[in-house]
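Q: Please take a close look at the largest cavity of this model. I would like to know what lines it and how it sits within the rest of the chain.

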Amino acid sequence: MRTFLSLLAAAVLAATIGWGVATLGFFSTSHPAGFRVWTLVCWALFVLAFVLLRRVPARSVAAVVLVGSALVGGAAIVGPPNTSTDSARYAWDGIVQNAGISPYAHRPNDPALRDLRPDWLFPATSTDAAGEEVCRGTRVMTTTDLGTSDTLCTTINRPGVFTIYPAAAELYFAAVRAVVPVGATYWPFQAVGLLVSLGTTVALLLALRRRGLDPRWAALWGWCPLVASEAITNSHIDLIGAALALAATLLVASGRRLTGGIALGAAIATKLIPVLAAPALLREKPWRVVVASVVTFVALYVPFVVTTGVQVLGYLPGYLSEEGYSSGNRFALVSLVAPGRAAAPVAVLLLLVIGVVVWRTTDPAAPWLGQLVMIGSALLILSPRYPWYALLLVPFIAFTGRVEWLALVLAMSTRQFWIADSLRPFTLGAALAIIVVASILRSGPGWWGRIRGRATEEWHLVTRRGALRR
C-alpha cells in the first residue's frame, strides 16, 4: 500500500505537469496567473510524493524512483516549450553547423544564411488591414533581414545578435540536429533531455547506494518540477552542464582525477556556470583536475577559434550587460547592502571567499556538500532571473539530501511568473532564511544543546541576581 500510494502521488504529479504543458500554451506576462497556480500545485504535489516515498520499503525504492521519473519526464514532453524559446536557437545553431558554417560567424537574420531557414523557425509574414507586413503566431518575433531590411518573422530570440553558447553546447546542438530532418521542430531536444534526465536519475541511484546513502534522494532530481520544465519541456542546455558536472564529481571522488577533469572541462565548455563545481574538486592533487579541464576546454574551442577567431565570444558581453550585472542591478540580495555599481565587486569578493572556504574544507572523497554550498551561494549572490540556472544545483541537493536548498530552486522557479524586481529580494531572502535555519538545526543536538544550555544558564543567573536585588 505504501508503494502504491507513492506511485500514485508521482502519477498525479506527472498528470498535472502533462496537463499544464498541453493546455496552458506559451507563457505570456499579460496572463501569468495560470502558470503561477500550476507551478505551485506541481511543487506541492512533488513535496507530497517525496514524503510518501520516505515510507516505501527499501527493496522497492529504486523501482519507484525510476518509474516516477519516467512518468514525470514523459509528461513534460507532451507539448512544445512553454516558457522559453532558447531551443529554437539551439536548433538553428545545429542546422547552421551541419551546413558546414560556424555558428559564431553570422546572426540568424543575416542574408548569407537565407537558404538554410526552415519555415518553422522563419514563418512567413502576414498582411494587416493597413497592408503592412506583420508577424503572427505563438513564439514568433519580428526582426528585419540584414540584406533587404524587409520584415522577417522568426521563433529565434535575439535574432539580431550572434549566438552566446560555448563550444561544447554548439557541438551538442549539431549532434542532435544531425540525426533528424530539418523540419523536425522542438521535440528532438526534448527527447534527448528526457534521456539525459533519466540517465542522471540512474547515476544518482547507483552512486547513492554505492556510498551507503539513501537512494530516495534521487527523486529530488527525477521528480523535481524544475527538472521536468527546464530540462525536458524547455530543453535547456544547462541539463547537459549539470550532468557533466555530476559525472566529474563522481569520477574525482573515486580517485579518477584525470577523467574527472575532462568531464569538468566539458561541463564548463557547455554553459560556463559549472565552473562553480570546481573548488570542491581541487582539495587533493588539484593539478590533474585543473590541467585536464583546461586542456579539454581549449580543445573544444580550437575548431571554432580557427574558423571564427575572437568572435566565438558571441553575445556573452552584451548578455551580461543586458542582465544588469555591469550596473549592479541584478544582485538582488547584495544590492541591499551595496547598491549600484558597488554590488559587483562585493559579489565577486563574496564568491572568492566562499570558494576558498569550500576548497579548504571539502572532504575530497565526498565533495558534493561543498559543491552544494558553492553553487547555491553563487545563485543567491548572483540572483539570475532565469530558473534553469538552478538545474546545476539540483543534483547536489539530491546527493546530499539537503532538501532545504529546494527553497532556493522554488524561489527561482516562481521568479519567472512574478516579474516585478521588487519581489526578488523577498523570495530569495525567504529561501536563504530557510536554508540557514535548517542548516543550524542540522548541526546536531549537541551544538544546539550547548547554545540552549548557555542561554538557560544565563537566564537563571539573571533571575537569581534579580531576586537578590529584591
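A: What follows describes the cavity first, then a pocket that shares an element with it, and then the wider chain.

This is a predicted model, in which local features need pLDDT of at least 70 and side-chain atom pairs count only at pLDDT 80 or more, while totals for chains, interfaces and linings use all residues. Residues are numbered from 1 along each chain as its sequence is written, and side-chain values use heavy atoms, with hydrogens and water left out.

A search of the whole structure finds six cavities of 30 Å³ or more, and the largest cavity holds about 200 Å³ of space. Its lining is made up of 18 residues, of which Trp38, Thr39, Pro225, Leu226 and Ser229 are the closest to the centre. A cavity here is a set of points, on a 1 Å grid over the protein atoms alone, where a 1.4 Å probe fits but cannot get out, whereas a pocket is an open set with protein on both sides within 12 Å along at least five of seven lines; lining residues have an atom within 4 Å of a point. Grid points are joined across faces, edges and corners, and a volume is the space filled by probe spheres set on the points.

Helix H1 (2-23), helix H2 (33-53) and helix H8 (225-233) each supply at least two residues of the lining of the largest cavity, and H8 gives the most, with six residues. Helices (H or I, at least four residues) and strands (E, at least two) are DSSP runs, numbered from the N terminus. By class, the lining of the largest cavity has ten nonpolar, seven polar and one charged residues, where Ala, Val, Leu, Ile, Met, Phe, Trp, Tyr, Cys and Pro count as nonpolar, Asp, Glu, Lys and Arg as charged, and the others, Gly among them, as polar.

H2 also contributes to the second largest pocket, giving the largest share of its lining with seven residues. This pocket has a volume of about 240 Å³ and is lined by 13 residues, with Phe46, Val47, Phe50, Val403 and Leu406 nearest its centre. The elements that give two or more residues to this lining are H2 and helix H16 (406-415). The lining of the second largest pocket has twelve nonpolar, no polar and one charged residues.

Helix H9 (residues 238-253) has 16 residues, of which 13 are buried, meaning under 20% relative accessible area with a 1.4 Å probe and protein chains only (exposed is over 50%, partly exposed in between). H9 is followed by Gly255, whose phi is positive, near 95°.

Ser87, in helix H4 (residues 86-98), is buried, with a relative accessible area of 1%. Leaving aside neighbours within four places in sequence, Ser87 is in contact (heavy atoms within 4.5 Å) with Pro81, Tyr186, Phe189, Asn234 and Ser235.

As a setting for these parts, the chain has 18 helices and four strands. The radius of gyration of the chain, taken over C-alpha atoms, is 24 Å, close to the 23 Å that the globule rule (2.2 Å times the number of residues to the power 0.38) gives for 470 residues, so the chain is as compact as a globular protein of that length. Of the 470 residues, 51% count as buried.

Methods
The expected span of a helix is 1.5 Å times one less than its number of residues.
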